[in-house]
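Student: I would like a close look at one part of this structure, the salt bridges. Please take me through them slowly and give the reasoning.

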Amino acid sequence: MKAKLFEAIKKYDTIIVHRHERPDLDALGSQLGLKTLIKYNFPEKKVYAVGDMTQKYSFIGVMDEIDDKVYDNALVIICDVAVSHMVSDDRYKLAKEVFVIDHHRNECDITKNWLCNPVASAAAEFITTLFRDEGYKFNPEIATYLYGGITTDSGRFLHGEDLAETLRVSAFLIDQGADAQYIYHSIYLESLETRKANTYFNDRVVYKDNIAYLKNDKEVFDLFNLDFSDVSRGIVSMMSGLKEIVIWLNFTFDVTKNAVIGEFRSREIPIVDIAKKYGGGGHNNACGATLKDWDEVDKIIEDFYERAQENK
């Protein structure tokens with residue numbers, strides 16, 4: 001499949017890169033990194049990146065606005081997601097050919113042109129190795145995008161199924177000119193308002209033996225000027241790093257979907273099967289699911305609680 005992907009990139013004059021909705025930095029870093037990588041190696045090609053954007057990661061770049069007609073006889077490459085309902089901008093269906101590059105433990109329902117490395121800490125890591133090994137040239141801009149994706153999805157290099165390889169790939173990107181300090185300062189420096197919000201959330205965490213969880217109703221967004229991703233993915237990491245807690249969970253009500261978005265993390269204990277039971281997925285120790293209501297939230301909390309007790 002790798003050979004087929006690189007043949008398609010050479011063949012098409014127009015290439016459009018997609019990723020999942022409500023992007024994290026791996027989605028954006030892999031998307032913009034891939035767009036810039038292709039354009040840098042094939043200056044004559046028209047290459048675009050499309051999708052929704054979040055204020056939190058606006059520092060990394062902007063999306064392209066393109067007409068539907070651009071998809072005529074175009075190649076689409078979707079990064080960091082393999083399930084159709086999560087792809088941002090469903091116009092990918094208009095393309096002549098579609099490929100997916102992912103690293104999650106989910107089956108692909110988008111296309112048979114699917115490349116996946118679930119051992120890679122990030123889609124950005126997988127993209128780096130694919131294109132480096134194919135002999136593509138990198139520059140500092142490309143390297144910075146991809147380094148950003150790896151940094152966040154690996155939890156600043158705290159976890160990964162093959163952490164040694166993740167560090168080797170990251171070192172390669174540093175050698176190519178990745179601006180690590182720009183990524184760190186853009187992501188991890190927070191405003192006073194955000195610190196106050198974190199204090200509020202921290203006081204509301206529920207601890208139950210070896211698990212921790214937080215429920216965020218829609219009223220939370222009236223209290224603080226935060227994006228949905230700031231509360232959903234952003235807050236879950238606040239519960240990590242506690243010796244007694246092996247599984248931590250964050251649930252946030254999404255008014256746009258009239259559902260509750262769950263973000264699940266664990267230390268060493270595999271939990272992705274529980275996420276899949278409720279229609280979600282992801283990695284062994286970092287995954288998520290969309291829950292229909294708070295009653296279903298309570299059910300999945302009990303499943304995670306039982307898993308924690310089984311692994312005492």
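Tutor: A salt bridge, as the term is used here, is a side-chain nitrogen of Lys or Arg within 4 Å of a carboxyl oxygen of Asp or Glu. The model is a predicted one, and it contains 18 salt bridges.

Start with Asp273 and Arg307. Their closest N and O atoms are 2.8 Å apart, and the two residues form a salt bridge. Asp273 belongs to helix α10 (residues 272–277) and Arg307 to helix α11 (residues 294–310), so this pair ties together parts that are 34 residues apart in sequence. How covered is each partner? A residue counts as buried under 20% relative accessible area and as exposed over 50%, with partly exposed in between. Asp273 has a relative accessibility of 40%, so Asp273 counts as partly exposed. Arg307 has 18%, and therefore counts as buried.

Arg307 also forms a salt bridge with Glu310, where the closest N and O atoms are 3.6 Å apart. Here both residues lie in helix α11, and they are three residues apart, which is about one turn of the helix. Glu310 has a relative accessibility of 58%, so Glu310 counts as exposed. Arg307 thus takes part in a bridge to Asp273 and in a bridge to Glu310.

Another pair is Arg91 and Asp89, whose side chains meet in a salt bridge at 2.9 Å, N to O. Arg91 has a relative accessible area of 18% and is therefore buried. Asp89, at 23% relative accessibility, counts as partly exposed. The cut-off of 20% therefore falls between these two partners.

Salt bridges can also join into a group. Asp24, Arg233, Glu263 and Arg265 are linked in a network of salt bridges. Where does Arg233 lie? Its number falls within helix α9, which covers residues 228–236. Seven of the nine residues of α9 are buried, so the helix is mostly covered. The buried ones are Phe228, Ser229, Asp230, Val231, Ser232, Ile235 and Val236; Arg233 is not in that list. These buried residues pack against α7 (192–203), β7 (211–216), α8 (220–223), β8 (247–254) and β9 (259–266). The numbers of Glu263 and Arg265, two members of the network, fall within β9.

To go back to the starting point, the bridge between Asp273 and Arg307 connects helix α10 with helix α11, whereas the bridge between Arg307 and Glu310 stays within helix α11.

Definitions and conventions
Residues are numbered from 1 along each chain as its sequence is written. This is a predicted model: local features need pLDDT of at least 70, side-chain atom pairs count only at pLDDT 80 or more; totals for chains, interfaces and linings use all residues. Side-chain values use heavy atoms; hydrogens and water are left out. Buried means under 20% relative accessible area, exposed over 50%, partly exposed in between (1.4 Å probe, protein chains only). Helices (H or I, at least four residues) and strands (E, at least two) are DSSP runs, numbered from the N terminus. Contact means heavy atoms within 4.5 Å.
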